[in-house]
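Student: I've got a structure to look through and I'd like to get a feel for it. Can we go over it together, piece by piece?

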Amino acid sequence: MMEHGTLRVLVIGYGAFGRALAAALQCRGDIRVEVFSRRLVTEFLAASRFLHHLEHIELAAYDVVILALPSRALAEVLGQIAHPVAPTASFLSCMKGMDGAACAFPTEVIARHFPSHPIGMLSGPTFASEMQAGHRVWMSLGCTDLEHGRTLAERLAGPRLGLQATCDLRGLEIVGVTKNIIALGAGLCEGLGLGENTRASYVARGIRELGRLLPLLGASAGTLFEPGALGDLILTCTSAQSRNYRYGRALGETADIPASGVPAPLAEGQQSIETFLAFLRRGEVQSVFFERLSAAVRRPAELRPLLLEAID
């Protein structure tokens, strides 16, 4: 990666967050942002160049490749990107789901395609609407090589983007996945009319459970308190802007998943919960909290008692 001069960044995925992140990076001045988007972009042009065909992407032209895709699309997209890659290029995931078929985190999927390159993750409380309005956000940059992570953070941070490096990449990814699952349950609390006291107790119980699970899964319990972890969890579990929160709320109100108003593929928590439980079983780790929530989603007629059991 270039430590001086213009940094060449490719953002793959130009949904609401991809657009907001591209704009935050572009305003620094010494970063050239190019974007892949399948659709023709005619608004919010926060990039120097747009690419619309994966086969036209030349990875050798970029210092940093940022993947801002739905987790379920990652493996397919990576399989279509041409090689070779710039020798010093880094890859950063912005995804907070899991590959259900492989029972793998996004950085593991990226590593299978680009095993010799540094791989990290960006995570934090980042509602795209506020980022697009010009508000500054703070994120964690996870990378197992802490010095490289710090260098990346220094090169990417700017007036609208604060970055703090952490070497606990696995812990950051675990919190990224589970905060969406917990947010789904927080929405259920509201949808079922259980009250804000119950919702707060449920979220607190989820935070405590993460503190227990992280060391058992090879991560640090302290990562939970990184800005890109706890901050993201609090935001996702308390705001109706969160797709996972809205999905859970509608499910609690109707006991009917299609009535949620949020397509299931967009609610990462609903998509990830069974994969995360499979990941726990693979490591011979049990979590009654997440198992109860999974059962509640699968058995809407028993939502209330199962959700309350997750708290007790």
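Student: Okay, where do we start? In E8, which residue is the bridge partner of tryptophan 138?
Tutor: Keep in mind that this is a predicted model. Strands E7 and E8 run parallel, and six bridges join them. In E8, the residue bridged to tryptophan 138 is glycine 162.

Student: How does the chain get from E7 to E8, and what is the handedness of that crossover?
Tutor: After E7 the chain goes through helix H5, residues 146-156, and then reaches E8. That makes a β-α-β crossover, and its handedness is right-handed.

Student: Is E7 largely enclosed or left open by the rest of the structure?
Tutor: Let's check its residues. E7 has seven of them, and six are buried. So the rest of the structure leaves E7 largely enclosed.

Student: In which sense do E6 and E7 pair?
Tutor: Look at the bridges here: there are four between E6 and E7. Glycine 120 stands opposite cysteine 143 in E7. The sense of the E6 and E7 pairing is antiparallel.

Student: What holds strands together in a sheet, anyway?
Tutor: In a sheet, strands pair either parallel or antiparallel. Either way, the pairing goes through backbone hydrogen bonds.

Student: In what order do the eight strands form the open sheet?
Tutor: The pairing in this sheet is mixed. On average, neighbouring strands are turned by 25° against each other, direction ignored. Reading across the open sheet, the order is E3-E2-E1-E4-E5-E6-E7-E8.

Student: Which strands stand at the edges?
Tutor: An edge strand here has a single partner strand, so one side of it is left without a neighbour in the sheet. That fits two strands: E3 (49-51) and E8 (161-166).

Student: Which residue in E5 stands opposite isoleucine 66?
Tutor: Strand E4, residues 64-67, pairs with E5 in the parallel sense over four bridges. Opposite isoleucine 66 in E5 you'll find leucine 92.

Student: How many bridges join E1 to E2?
Tutor: E1 covers residues 7-12 and runs parallel to E2. One bridge to look for is valine 9, whose partner in E2 is valine 33. The number of bridges joining E1 to E2 is six.

Student: Through which helix does the chain cross from E1 to E2?
Tutor: This is a β-α-β crossover, and it is right-handed. Nine of the eleven residues of the connecting helix are buried, among them Phe17 and Leu21. The helix that carries the chain from E1 to E2 is H1.

Student: And in E3, what stands opposite phenylalanine 36?
Tutor: E2 is mostly covered, with five of its six residues buried. E2 runs parallel to E3, and three bridges join them. Opposite phenylalanine 36 in E3 stands leucine 51.

Student: What angle does the direction of helix H6 make with that of E6?
Tutor: H6, residues 169-191, packs on the sheet and touches E6, E7 and E8. The angle between the directions of H6 and E6 is about 40°.

Student: Is leucine 184 buried or exposed?
Tutor: Leucine 184 sits in helix H6. Its relative accessibility is 3%, and the cut-off for buried is under 20%. So leucine 184 counts as buried.

Student: Now the rings! Why is the pair of phenylalanine 105 and phenylalanine 279 called edge-to-face?
Tutor: A search of the whole structure finds six aromatic pairs. In this pair the ring centres are 5.0 Å apart. Planes over 60 degrees apart count as edge-to-face, so what settles it is the angle between these two planes, 85°.

Student: How many residues apart are phenylalanine 105 and phenylalanine 279?
Tutor: Phenylalanine 105 lies in the loop between strand E5 and helix H3, while phenylalanine 279 lies in helix H10. The pair links distant parts of the chain, and the separation is 174 residues.

Student: What kind of aromatic pair do phenylalanine 276 and phenylalanine 279 form?
Tutor: These two are three residues apart in helix H10, so about one helical turn separates them. Their rings are 6.1 Å apart, centre to centre, with 35° between the planes. That makes the pair tilted.

Key:
Residues numbered from 1 in each chain as written. Predicted model: local features only at pLDDT ≥ 70, side-chain atom pairs only at ≥ 80, totals over all residues. Heavy atoms only, no water. Phe/Tyr/Trp six-rings, centres within 6.5 Å; stacked < 30°, edge-to-face > 60°. Pairing = 2+ DSSP bridges. Axes fitted to C-alpha atoms, helices over the stretch in contact; angles between N-to-C directions. Contact = heavy atoms within 4.5 Å. Buried < 20%, exposed > 50% of the residue type's maximum accessible area, 1.4 Å probe, protein only. Right-handed = clockwise from strand over helix to strand, strands pointing away.
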